[in-house]
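Visitor: I would like to learn how to read a structure like this one. Please show me.

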Amino acid sequence: MKSLSLVLAFAFLTGCGHSFEAATPVGFVELEDQTLHDYRATTADGLVIAVRELDHEPEGSEDFWARAIENQLRDRGGYALIGSQEVQSKSGQKGKQMRFGHDESGTPHVYVVTLFVTKDTLYVMEFGGTKELVERHKDQLDWAIQNFRIK
Amino acid sequence: MTMTIARSVYPVVLASFVLLLLGAGCGSAPAYPAASQSRSMGSEGYAAEAPMAGAVQADEDVYVTSSDNAPVAERETVAQAAGSPARPPAEPPPPPKQRPDVPTGAPQPAPPVAPGTDTAAKSPTSPLLIYTAQVNLAVFETAKVLDQVEALAKASGGYLVRREARRIVVRVPSEGFDDALAKVQKLGDVLHKDVTVQDVTEEFHDLQIRIRNLEVVRNRLEELLKKADKVVDAIAVERELERVTSQLERLKGRIKLLGELVRFSTITVELAPRSTDSPGRKVQLPFPWLDTLGLGRLLSL
């Protein structure tokens, strides 16, 4: 019993509580003590990448969740859907990526949401910043998606 | 002796005429059937069929009241005196949404031509329609989109009405409305679109008839004013003349505005999501995490 507690404590401290591994791109630093997100990293200029792990409850298809996210952001947030595409990580995990545009304080920003759906979990990867920064770091986003791994 | 009688009778006749005019209401429309007179031209008629007639509304309420108080015979006398035929007796009111019938023998109303209204002049029998579009675009590259909407309107022969931080109102020639609207929709992600068409043909004709009648009454009053001997009579006529002139200007303003709205369609582009209170909104899904999506939470470090 004691040994089990130690293992759990070790797992918690080392961040092994997540069922995914997020790769931090060059130029980003990972932020600790996140509440809303399970993983978040930022550049010095404020370009941010984050991942959330959510219980897949109730169970729905990838299209259902993608549509729910799109409706939420467009209808309620006034985000523009710039485009969407299928993505795949090196580990073979397929996902759906949606690119949104939105003005923040009068400046055009881009917000990229990538959704990976498994039977038990929804993984929502967010990537956002000014339009100029996002376009400049597009390769790093692609790299982060390719190296995203579900354990 | 004859002169004395004539002098003593003249003010009475003058006063009676002025009272008659006041009682009949200067906006009386002899071209309308008796039963429909107060309805079609009063508050109920336009309030129900033409929401944009609000500017004329208050004035019409006054008119209807005074008109209803005047005896029918007197009103007919005034109508005939104004150079128009008497109303046909007891005709039923025209059904709603129908153009008012012009009685036989009455001078046909001129084609619906408002100042600067070429469209109306070209086809007097075609309906006069006001096209209005409201487009909600996503909030992305706002300044660029507003610039493009303004440029698009000007290129099509239209003009800018109002521009705010996230909202722009333009008018485009009505014949190019569909084309302009299609181009506007390509400028961004369309979140919502509303297009409305309002037929103002009936209101336009009503206004024309009322204006002509008022002009006749005004001319009569001006003649009376010239003949008035006593100050008190002159004041009474002037007061009525002022009221008629004021009403005339209001109606002319309204008909000019209608002509402008028919000739140029209004397109309002708002870069904002549709109000959450709007009916027909999509249902909010019961997954709280969706509410936490967005740049605000992501970029708040």
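Guide: We will go through the chains, then a helix pair, then one residue.

Guide: Some ground rules come before that. This is a predicted model, where local features need pLDDT of at least 70 and side-chain atom pairs count only at pLDDT 80 or more, while totals for chains, interfaces and linings use all residues. Residues are numbered from 1 along each chain as its sequence is written, chains are lettered from A and ligands numbered from 1 in the order in which they are written, and side-chain values use heavy atoms, with hydrogens and water left out.

Visitor: How many helices and strands are there in chain A?

Guide: Both are DSSP runs, numbered from the N terminus: helices are H or I over at least four residues, strands are E over at least two. Chain A has four helices and nine strands. Read from the N terminus, their order is α-β-β-β-β-α-β-β-β-β-α-α-β. Chain B has 12 helices and five strands.

Visitor: What share of the residues of each chain counts as buried?

Guide: Buried means under 20% relative accessible area, with a 1.4 Å probe and protein chains only. In chain A, 46% of the 151 residues are buried. In chain B, 44% of the 301 residues are.

Visitor: Which share of contacts joins residues at least 24 apart?

Guide: A contact means heavy atoms within 4.5 Å. Take contacts between residues at least 6 apart in sequence: in chain A, 48% join residues at least 24 apart. For chain B, counted among contacts between residues at least 6 apart, that share is 76%.

Visitor: How do helix 9 and helix 10 of chain B cross?

Guide: Axes are lines fitted to C-alpha atoms, for helices over the stretch in contact, and angles between N-to-C directions run from 0 to 180 degrees. The axes of helix 9 (residues 201-227) and helix 10 (residues 231-263) of chain B come within 9 Å and cross at roughly 155 degrees. That makes helix 9 of chain B roughly antiparallel to helix 10 of chain B, a label for angles over 145 degrees.

Visitor: Is Thr268(B) buried or exposed?

Guide: Thr268(B) counts as buried because its relative accessibility is 8%. Thr268(B) sits in strand 5 of chain B, residues 264-271.

Visitor: Which residues is Thr268(B) in contact with, leaving aside neighbours within four places in sequence?

Guide: With those neighbours set aside, Thr268(B) is in contact with Ala133(B), Gln134(B), Val135(B), Arg167(B), Ile168(B) and Val169(B).

Terms used: Buried means under 20% relative accessible area, exposed over 50%, partly exposed in between (1.4 Å probe, protein chains only). Angles under 35 degrees count as roughly parallel, over 145 as roughly antiparallel, 65 to 115 as roughly perpendicular and the rest as oblique.
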